[in-house]
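Q: Please take a close look at one part of this structure for me: the surroundings of the bound ligands. I am new to it, so keep the steps short.

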Amino acid sequence: MGREGILIVVSGFSGAGKGTIMKELLSRYEQYALSVSATTRKPRPGEEEGKEYFFKSREEFEQMIADDALIEHARYVDNYYGTPKAYVEEQLARGRDVILEIEIQGARKIKKRFPEAVLLFVTTKDAQTLKERLLGRKTETPEVIEQRLARAVQESEGIEEYDYLVVNDELNVCVAEIHSIIESEHRKIKYNMELINSVREELRNFSEGE
Ligand code: ADP
Ligand code: 5GP
């Protein structure tokens, strides 16, 4: 009897450490499947097609929208980002916990479409640390960093729409916390009805045998 997969949304300010956290979470635990998004953004050095993203032209991306191949999509700082539908459906059906690392507009759409999804928001302990991490990553121009910090102001207004806040200070602690939130979700009564009904049945059999 396999357990049902849970859909998990992880959002957070650019530079908060979502990508770093995901890598660590996936290397530690086998139960997770990370959805690889499609984007029109250009690859960063070291990013590979199909690993961090499926890199698409604007035309290709718009075709995916037209084909209804995305569960959700959004624009973020001049680019399109979207979640391919097939992989998510496949992995959930196999009982894996599927993680979508997406921004807030996408998170809202997922919550509407999948009310059972668990929404996590990742932040640094303060804004200064966020700025330092963005600068330290050295992957964006100062202009784009400014845009991303401006976007963070807007995103911070939407945090109440999430279920959990996770502070990425010490990476190991943060990863362990996320895993424990998801494990708690699996312990909810609604995901355990098969076991509950079987215990009920066994108990009835006991008392009938008396
Ligand atoms: P995001 O995916 O949220 O934009 P990244 O995972 O790219 O963020 O992390 C941004 C930068 O911060 C990277 O250079 C990464 O190595 C660093 N970083 C991530 N987590 C931590 C942490 N817990 N402590 C210190 N630096 C971190
Ligand atoms: P980045 O360019 O830093 O990789 O991502 C920019 C933002 O887009 C991040 O907030 C990331 O979570 C978000 N993002 C990545 N993939 C998707 C997606 O498929 N859908 C949505 N809505 N946002 C995404």
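A: A polar contact here is a pair of N or O atoms within 3.5 Å. Keep that cut-off in mind for what follows. The model is predicted.

Start with ligand 1. A nitrogen atom of ligand 1 lies 2.9 Å from a side-chain N or O atom of Asn168. Thr20 brings a polar side-chain atom to 2.6 Å from an oxygen atom of ligand 1. Ala16 takes part through its backbone: a polar atom there is 3.4 Å from an oxygen atom of the ligand. On its own, ligand 1 has 570 Å² of accessible area, and the protein covers 71% of it. Two elements, α1 (18-28) and α5 (127-137), each give two or more residues to this shell. The most come from α1, with three residues. In total, 13 residues surround ligand 1, and Gly15, Lys18, Thr20, Arg137 and Asp169 come nearest. By class, three are nonpolar, six polar and four charged.

Now ligand 2. The space it takes is the largest pocket. Around ligand 2 there are 16 residues, with Ser37, Arg41, Tyr53, Tyr81 and Glu103 the closest. A polar side-chain atom of Tyr53 is 2.5 Å from an oxygen atom of ligand 2. Arg148 also places a polar side-chain atom 2.7 Å from an oxygen atom of ligand 2. For Glu103, the partner is a nitrogen atom of ligand 2, 2.7 Å from a polar side-chain atom. The protein covers 95% of the 510 Å² of accessible area that ligand 2 has on its own. Strands β5 (70-76) and β6 (79-84) each supply at least two residues of the shell. That shell has five nonpolar, four polar and seven charged residues.

Technical notes:
Residues numbered from 1 in each chain as written. Chains lettered and ligands numbered in written order. Predicted model: local features only at pLDDT ≥ 70, side-chain atom pairs only at ≥ 80, totals over all residues. Heavy atoms only, no water. Near = heavy atom within 4 Å. Polar contact = N/O pair within 3.5 Å; in protein donor to acceptor, adjacent residues only side chain to side chain. Areas by Shrake-Rupley, 256 points an atom, 1.4 Å probe, with all protein chains shown as cover. 1 Å grid on protein atoms, 1.4 Å probe; cavity = no way out; pocket = protein on both sides within 12 Å on 5 of 7 lines; lining within 4 Å. Sits in = over half its atoms within 2 Å of the grid points. Helix = DSSP H or I, 4+ residues; strand = E, 2+ residues; numbered from the N terminus. Nonpolar A, V, L, I, M, F, W, Y, C, P; charged D, E, K, R; others polar.
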